[in-house]
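The following exercises concern cysteine pairs and charged pairs. Please work through each task before reading its solution.

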Amino acid sequence: MKESGKDLSLTQATVTIINAMLGAGILTLPRTVGVPGGTPDAWISLMFSGLVFIGIGWALCTLCMKFPGKTVYEFASEITGKWIAYVLGLAIILYFLISSAFEIRVMAEVTSMYLLEGTPQWAIVMAFMWIGIYMITGGLDVMIRVFEIILPITLVIFVIEILFASELFELNNLRPLLGDGVMPLVKDLRPALMAYNGFEVMIVINAYVKNPKESRKAMVWGISISMMFYLVTFLMVVGSLSLDGVKSRSWPTLDLVRSYEIEGLIFERFESWLLVIWIMQIFSTFGLKHYCASRGIVDLFRLPKKFIAIVFLLIPVVYLIAMIPHDVNGILALGDLLGDSFILLFGAIPLVLLLLTFIRKKGEGQA
């Protein structure tokens, strides 16, 4: 059942969605989306994918609105039956666990490479995990307040960094438009769809929205703002470094910020600015995914008084998953696995569940 005192406004729900989406993926976005098709037109696939997920997000919120005050772990059994709901719930919990581990590992990888050279990754992972757990145990209202502080800082620093990078931008790096036709866009579509993971947290968070009817507006605003972030990032990075320059870089977004210098300013390493805010952003995403996994176990197995215990019990699980990849290639492979799982679990299944609610006439809420 819904926790008391956790009534999220439209703005808070929107901020939560944006924080969930703007995680580690944006650091590799220009390469992962642009390379498969081999043309700089991948921004079209990115925009199309965003529009697709706005529609899917709308459907997901409509599904949740029919079961007000309940998370997907609680209402799925009313639609599919007990055993299918258990399988689906466990799959979603596993997804959130692996996703939180991925975020924390990417944060450790980038931090050890650019900020804390020589620091063991396990030490970075453990430090950030324990800070994240401290935030999660404060409850959802504390997490949302942290998100509301982090997001404006992210927006301001991001805009400043992009303005500085505009001196390197060359429009010719994005030309010709559709020079190779539409087939490259089709090849770019899968990674572009995978880039929008994060909005799925609403299958849990929607239960705590004050006015459930506003959750669809929050979803549209959240995905739309995130899509603008993605488009600006892709266009600026590829426009500045070229697609060929992006192909050989593990973290092209960071490399763009490292590639320019402004004389006369106190700060010379601008990537440090971006790293600091994006570490906070990834930290937010990790905390939210860990919360959703913990909440899933509590709701699925009816353990309302064990939430804090579950949060702590998942720490070694997340840590072990985070340390499985041996190098950057392993981390990126884990990200691809998560992306494919995301498309299946939150691209197709919510539509099927919504269709079943109408066919079987389930749900008490008004969509």
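**Exercise 1.** Determine how far the sulfur of Cys 292 is from the closest cysteine sulfur, and why no bond is assigned.

*Solution.* The closest cysteine sulfur belongs to Cys 64, and at 11 Å from the sulfur of Cys 292 it is too far for a bond. A disulfide is defined here as a pair of cysteine sulfur atoms within 2.5 Å. Cys 61 is likewise unpaired, because its sulfur is 6.3 Å from the closest cysteine sulfur, also in Cys 64. The structure therefore holds zero disulfides. Cys 292 is buried at 0% relative accessibility, and Cys 61 is buried at 1%. (Buried means under 20% relative accessible area, exposed over 50%, and partly exposed in between, with a 1.4 Å probe and protein chains only.)

This is a predicted model, in which local features need pLDDT of at least 70 and side-chain atom pairs count only at pLDDT 80 or more, while totals for chains, interfaces and linings use all residues. Residues are numbered from 1 along each chain as its sequence is written, and side-chain values use heavy atoms, leaving out hydrogens and water.

**Exercise 2.** Identify which residue forms a salt bridge with Arg 190.

*Solution.* A salt bridge requires a side-chain nitrogen of Lys or Arg within 4 Å of a carboxyl oxygen of Asp or Glu. Arg 190 meets this rule with Asp 340, their closest N and O atoms being 2.9 Å apart. Arg 190 lies in helix H8 and Asp 340 in helix H15, so the pair ties together parts that are 150 residues apart in sequence. (Helices are DSSP runs of H or I, at least four residues, numbered from the N terminus.)

Definitions and conventions
Helices (H or I, at least four residues) and strands (E, at least two) are DSSP runs, numbered from the N terminus.
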